[in-house]
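Thanks for coming. I will walk through one structure today, so please have the sequence and the 3D view open as I talk.

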Amino acid sequence: MYRPSKYDIHNESMNKFVKIFNDCPLFPDIIMFPKKEEDFKCDGYFVNTTTQKKIGYDWELRDRYFSNGVFAFKTLGQYERKIIKPDIEITLQADSTQTAVAVAWHEDYRNENLLNRSLLTDTNKKQFGNTRETSKFWIIRYENVATLKVILHTAFELGYRSYDKTNPNQ
């Protein structure tokens, strides 16, 4: 983790969302499981308990530019170091108020150009890294978590991992 000072709040926010997600009665066979130990592969899995298929996720709590379900940009960014991990297929970025989550498939990031950006870290030392941005993402309020379950249900059923093929609004 590039910002170890955020580790505890990262896990607390993820565990809060896991409870909300798992308490949603729609598609009760789709469960969110966070990893208990950090292994730098992914933060956990969405699992279809009927088929045992899983989708690895990356969780992030954003402390800037995303609050009360309002995201400041038209594209959602992700670090290339996360996009290339085979265990991660989907990104979830919670807003600073923990009321909404931005969701994007890594397949959609891979279709975008690589950018080199300055990274926010816990040190004063400047660090740069590769990122990608996509306009193909959802903002899902916590009270509408069933929308995420519909997206994941489609992904499990049809095998798709892209915005266009799992979009419940089509």
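Start at L92. Setting aside neighbours within four places in sequence, L92 is in contact with F17, F46, Y57, D58, W59, E60, V101, A102, V103 and L148. Before going on, note that this is a predicted model.

Several of those names come back when we look at the largest nonpolar core. That core has 28 residues, and the members touching the most others are F17, F46, W59, L92 and L152. Which elements supply at least two residues each? They are α1, β1, β3, β7, β8, β11 and α4. The largest share comes from α4, which gives five residues. A second core lies apart from this one; it has nine residues, including F66, L76, A104 and F137.

Next, α1, which runs over 7-23. This helix has 17 residues, and from its first C-alpha to its last it reaches 24 Å, close to the 24 Å expected at 1.5 Å a residue. Its buried residues are H10, S13, M14, F17, V18 and F21. Where do the buried residues sit when you look down the axis of α1? They fall within an arc of 145 degrees, so they line one face of the helix. On the face turned away from that buried side you find the exposed residues D8, E12 and K19. The cover over the buried residues of α1 includes β1, β2, β3, β7, β8 and α4. If you want to find β2 in the sequence, look at 44-48.

Now back to one of the contacts of L92, namely D58. D58 lies in strand β3, at 54-61. Is D58 buried or exposed? With a relative accessible area of 5%, D58 is buried, because the cut-off for buried is under 20%. What does the side chain of D58 pair with? A polar contact of 3.4 Å joins it to the side chain of Q78. Again leaving out neighbours within four places in sequence, D58 is in contact with D43, Q78, K82, I88, I90, T91 and L92.

Last, the cysteines C24 and C42. C24 is buried, at a relative accessible area of 11%. C42 also counts as buried, at 5% relative accessibility. How many disulfides does the structure hold? Zero.

To recap, L92 is among the residues touching the most other members of the largest core, and α1 puts its buried residues along one face. That is all from me.

Technical notes:
Residues are numbered from 1 along each chain as its sequence is written. This is a predicted model: local features need pLDDT of at least 70, side-chain atom pairs count only at pLDDT 80 or more; totals for chains, interfaces and linings use all residues. Side-chain values use heavy atoms; hydrogens and water are left out. A nonpolar core is a set of buried Ala, Val, Leu, Ile, Met, Phe, Trp, Tyr and Cys residues joined through side-chain atoms within 4.5 Å. Buried means under 20% relative accessible area, exposed over 50%, partly exposed in between (1.4 Å probe, protein chains only). Helices (H or I, at least four residues) and strands (E, at least two) are DSSP runs, numbered from the N terminus. Contact means heavy atoms within 4.5 Å. A disulfide is a pair of cysteine sulfur atoms within 2.5 Å. A polar contact is a pair of N or O atoms within 3.5 Å; within protein, one must be able to donate a hydrogen and the other to accept it, and residues adjacent in sequence count only if both atoms are side-chain atoms. The expected span of a helix is 1.5 Å times one less than its number of residues. The arc is that of the directions from the helix axis to the C-beta atoms.
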